[in-house]
Amino acid sequence: MQVADRNRESRSTLVLAIICGVCQLALAPNIGLGNGRANFALIFSACVALLVGGRRAVLAGFFAGLFFDLSTTGPVGLMAFCLTVSSFVLGLQERNRMSGDLMVTLALFGGASLGVSLVYHLAMLLVGQADSILDVLVFRTLPTTLLTIVFFVPFAYYFSRMHVSGTNLGGGRLGKRGF
């Protein structure tokens with residue numbers, strides 16, 4: 001017998017938002033590589049997009065980007081736009097992409113992370129908060145992408161394992177009939 005828990009998805013999204021928000025405010029400014037910092041708002045929006053997709057992913061991307069914009073010195077709305085677009089693209093086709101194949105999830109996230117970081121830092125060059133194109137590409141985009149992917153790995157591993165074994169209610173092995 002399967003029990004439908006309709007609030008499980010909302011609770012896990014809220015817990016994920018709190019964890020990523022705290023990490024964005026406390027951890028990201030203190031751990032850097034070059035001029036790059038990890039983007040936990042992107043991690044949150046990508047997790048929601050890869051797990052549920054659709055309208056919820058787009059809204060999560062927008063609000064995570066707005067949270068990022070309000071907690072940094074960049075232009076307000078830039079990261080909100082980037083994360084909204086990336087959440088839309090990541091959540092387009094199938095739902096629950098994180099269950100099962102960890103490498104596909106990491107590849108999808110890596111592409112999204114590189115795209116978001118590149119667009120964000122190129123826009124920062126246009127508004128005068130970066131020195132040169134070399135600074136943008138080598139010292140900001142690549143380190144930001146690398147750190148974000150490194151910090152995404154535990155989230156991806158957790159969600160890929162949680163949803164694969166999520167149908168197992170009692171923690172024990174199910175027989176052929178599920179009883």
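Student: Which residues of α3 are buried in this predicted model?
Tutor: Happy to start there, and do keep in mind that the model is predicted. Helix α3 runs over residues 54–71, and a residue counts as buried when its relative accessible area is under 20%. The residues of α3 that are buried are Ala57, Ala60, Gly61, Ala64, Gly65, Phe68 and Asp69.

Student: How wide an arc do they cover around the axis of α3?
Tutor: A little helix geometry helps here: an α-helix has 3.6 residues a turn, so residues three or four places apart point the same way. The buried residues of α3 lie on the same side of the helix, whereas Arg55 and Leu70, on the other side, are exposed. The arc covered by the buried ones is only 165°.

Student: Which helices are included in what covers the buried residues of α3?
Tutor: The buried set includes Phe68 and Asp69, and several helices take part in covering that set. Among what covers these residues are α1 (8–27), α2 (40–51), α4 (78–90) and α5 (102–126).

Student: What is the reach of α3 from its first C-alpha to its last?
Tutor: With 18 residues at 1.5 Å a residue, the expected figure is 26 Å. The model comes close to that expectation, and the reach of α3 is 26 Å.

Student: How many of the twelve residues of α2 are buried?
Tutor: Helix α2 has its end C-alpha atoms 16 Å apart, which agrees with the span its residues should have at 1.5 Å each. Its buried residues include Phe40, Phe44, Cys47 and Leu51. The helix is largely enclosed by the rest of the structure, because the number of buried residues is twelve of twelve.

Student: Is Asn39 buried or exposed?
Tutor: Asn39 sits in the loop between β2 and α2. Leaving aside neighbours within four places in sequence, Asn39 is in contact with Gln24, Phe68, Met79 and Thr148. Its relative accessible area is 5%, and the cut-off is 20%, so Asn39 is buried.

Student: Which helix gives the most to the lining of the second largest pocket?
Tutor: That pocket holds about 450 Å³ of space. Of its 22 lining residues, the closest to the centre are Arg37, Phe68, Thr72, Tyr120 and His121. At least two lining residues come from each of α1, β2 (36–37), α3, α5 and α6 (133–164). With four residues, the element that gives the most is α5.

Student: How many residues of that lining are charged?
Tutor: The lining divides into three classes, with eight nonpolar residues and twelve polar ones. The charged residues number two.

Student: How far apart in space are Arg95 and Gly54, C-alpha to C-alpha?
Tutor: Arg95 is in the loop between α4 and α5, and a relative accessible area of 42% makes Arg95 partly exposed. Beyond its neighbours within four places in sequence, Arg95 is in contact with Leu50, Leu51, Val52, Gly53 and Gly54. Arg95 and Gly54 are 41 residues apart in sequence, and their distance in space is 8.6 Å.

Student: And what is the C-alpha distance between Val153 and Phe109?
Tutor: Val153 belongs to helix α6 and counts as partly exposed at 33% relative accessibility. In sequence, Val153 and Phe109 are 44 residues apart. In space, their C-alpha atoms are separated by 9.8 Å.

Student: What pattern does the protein follow along the sequence?
Tutor: The protein has six helices and two strands. Read along the sequence, the pattern is α-β-β-α-α-α-α-α.

Key: Residues are numbered from 1 along each chain as its sequence is written. This is a predicted model: local features need pLDDT of at least 70, side-chain atom pairs count only at pLDDT 80 or more; totals for chains, interfaces and linings use all residues. Side-chain values use heavy atoms; hydrogens and water are left out. The expected span of a helix is 1.5 Å times one less than its number of residues. Buried means under 20% relative accessible area, exposed over 50%, partly exposed in between (1.4 Å probe, protein chains only). The arc is that of the directions from the helix axis to the C-beta atoms. Contact means heavy atoms within 4.5 Å. On a 1 Å grid over the protein atoms alone, a cavity is a set of points where a 1.4 Å probe fits but cannot get out, and a pocket is an open set with protein on both sides within 12 Å along at least five of seven lines; lining residues have an atom within 4 Å of a point. Grid points are joined across faces, edges and corners, and a volume is the space filled by probe spheres set on the points. Ala, Val, Leu, Ile, Met, Phe, Trp, Tyr, Cys and Pro count as nonpolar, Asp, Glu, Lys and Arg as charged, and the others, Gly among them, as polar.
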